[in-house]
Amino acid sequence: MRAWTVASADDGVRVSEVPAPALRGGGVLVEVLAAHLPAYTKVVVSGNRGGLPLPLTLGPSCLGRVIDVAPDVFHVAPGDIVLDTALLDAGDGDEILVGWVGLGGSGAGSERTDRMRAVWHDGVFAERALCAKETLVKLPGAEHHPDPARLSFLPWLCIAASGLHAAGPLAGRDVAVIGATGQLGGAAVLMALAEGAATVTAVGRNKEALDRLGELGPRVRTHRLSGDRTTDAAAIGPVDIVLDALGATPTADATMAGYDSLRGRGTLVLVGGVRQDLTIPYGDLMHRRLTVRGSWMSDDRTVTTVWNLIRSGALDLSTVDVHTVGLDDPAAALDLAERTTGLGFVALVP
């Protein structure tokens, strides 16, 4: 079968003929229907977002159809449509993203995560994949969805939803998303609207993407970052919840503007890729009774919740632009993914 592989640290992504995966204990064979190609995939392959367990078949998550299951797998069956989240959790903070760079806990890895990566190694940017049973969530009724490629955005919606849920119920509350013009931030705006936020303030730098978000409805406000923390905080708030979905930034000013915009008893949730330290004043955090939470990836329950919102029509994915690519030209696909942001993403359809 064909797959996107990375052979070594100085190698790029290439299309390779590899043996079809063989079923083994704890595993599920899936036909890959569509996989979200993250905008930063090229950066991951170059080693700038952590180390890949090379050589490997690349790819962190996908929408798939179950082909066969091992004898010890009971929650899915051949023919089921599933989401592979790629998140394999051994407990006690030891987690890996199969076929990708992510490590849970301290992020530094351990002897156990090394063993996990040795057993569950290859990802899903391929015609077929062998997935660990723990990474699969069944999507009842998804076999009737008219656009599987669009559903491959589900993992990012779930990551955004998990972050928002960390702040408590959203209905009737004012939410701000810092970094809303990125794919994860755009997903967070959609999720907050679907779960009943009173207002959603989309914050970012890309005017075109902000304008697009503003067209989602009257509950959406937009703010283009000025670079001045005080000015930005005043324009964003006051809000009850701030979700920070920013990528790598030269300063933490935008994140801290979100912190400053919170009402008393508000919550700041960090789900992005900011590499700066946050200087949070002890007295201010205490007296305003604020909460700062971290959120990484998602869980099965959130996947089911988000899928039910899509299935019911409460979360309308028609507002998301999907650009589909095949396996033939990885370089062109990675370039397209890098240029695609906001309410748009690239779906790999093998």
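**Exercise 1. Determine whether Met297 is buried or exposed in this predicted model, and describe its backbone.**

Step 1. The relative accessible area of Met297 is 15%, and since buried means under 20%, Met297 counts as buried.

Step 2. In sequence, Met297 belongs to the loop between strand E16 and helix H10 (300-312).

Step 3. Although Met297 is not a glycine, its phi is positive, at about 60 degrees. For background, most residues other than glycine have a negative phi.

Step 4. Arg289 also has a positive phi without being a glycine, with a value near 55 degrees, and Arg289 is placed in the loop between helix H9 (282-287) and strand E16 (291-294).

**Exercise 2. Locate the cis peptide bonds that join Leu54 to Pro55 and Gly237 to Pro238 relative to the secondary structure.**

Step 1. For the bond between Leu54 and Pro55, omega is about -10 degrees, and Pro55 sits in the loop between helix H1 (41-45) and strand E4.

Step 2. For the bond from Gly237 to Pro238, omega is near 5 degrees, and Pro238 is found in the loop between helix H7 (229-236) and strand E14 (239-244).

**Exercise 3. Work out which strands stand at the edges of the sheet E2-E1-E4.**

Step 1. The sheet is open, has three strands in the order E2-E1-E4, and is paired in the antiparallel sense.

Step 2. Strands E2 (14-17) and E4 (56-57) each have a single partner strand, so they are the edges, and one side of each is left without a neighbour in the sheet.

Step 3. The pairing of strand E1 (residues 2-6) with E4 is antiparallel and runs over two bridges, and Val6 stands opposite Leu56 in E4.

**Exercise 4. Describe the largest nonpolar core and say which helix gives the largest share of it.**

Step 1. The largest nonpolar core holds 93 residues, and those touching the most other members are Trp4, Phe125, Leu157, Met191, Val306, Ile310 and Leu315.

Step 2. Helix H5 (residues 183-194) supplies the largest share of this core, with nine residues.

Step 3. Taking Leu315 as an example and leaving aside neighbours within four places in sequence, one finds Leu315 in contact with Leu157, Leu190, Met191, Ala194, Val306, Leu309 and Ile310.

Step 4. Another core, of 16 residues, lies apart from the largest one, and its members include Ala176, Ile236, Met256 and Leu262.

**Exercise 5. Characterise the largest cavity and the second largest pocket, and find which strand gives the most to the lining of each.**

Step 1. A search of the whole structure finds one cavity of 30 Å³ or more, and the volume of the largest cavity is about 60 Å³.

Step 2. Among the residues lining the largest cavity are Gly59, Asp84, Val98, Asp122, Leu130 and Thr135, and by class the lining has seven nonpolar, three polar and two charged residues.

Step 3. The second largest pocket holds about 290 Å³ of space, and its lining has 18 residues, of which Pro19, Pro21, Thr57, Asp122 and Leu130 lie nearest its centre.

Step 4. By class, the lining of this second largest pocket has twelve nonpolar, three polar and three charged residues.

Step 5. Strand E9 answers the last part for both spaces: E9 gives the largest share of the lining of the largest cavity, three residues, and E9 (residues 128-132) gives the most to the lining of the second largest pocket, again with three residues.

Definitions and conventions: Residues numbered from 1 in each chain as written. Predicted model: local features only at pLDDT ≥ 70, side-chain atom pairs only at ≥ 80, totals over all residues. Heavy atoms only, no water. Core = buried A, V, L, I, M, F, W, Y, C linked by side-chain atoms within 4.5 Å. Buried < 20%, exposed > 50% of the residue type's maximum accessible area, 1.4 Å probe, protein only. Helix = DSSP H or I, 4+ residues; strand = E, 2+ residues; numbered from the N terminus. Contact = heavy atoms within 4.5 Å. 1 Å grid on protein atoms, 1.4 Å probe; cavity = no way out; pocket = protein on both sides within 12 Å on 5 of 7 lines; lining within 4 Å. Points joined across faces, edges and corners; volume = space filled by probe spheres on them. Nonpolar A, V, L, I, M, F, W, Y, C, P; charged D, E, K, R; others polar. Pairing = 2+ DSSP bridges.
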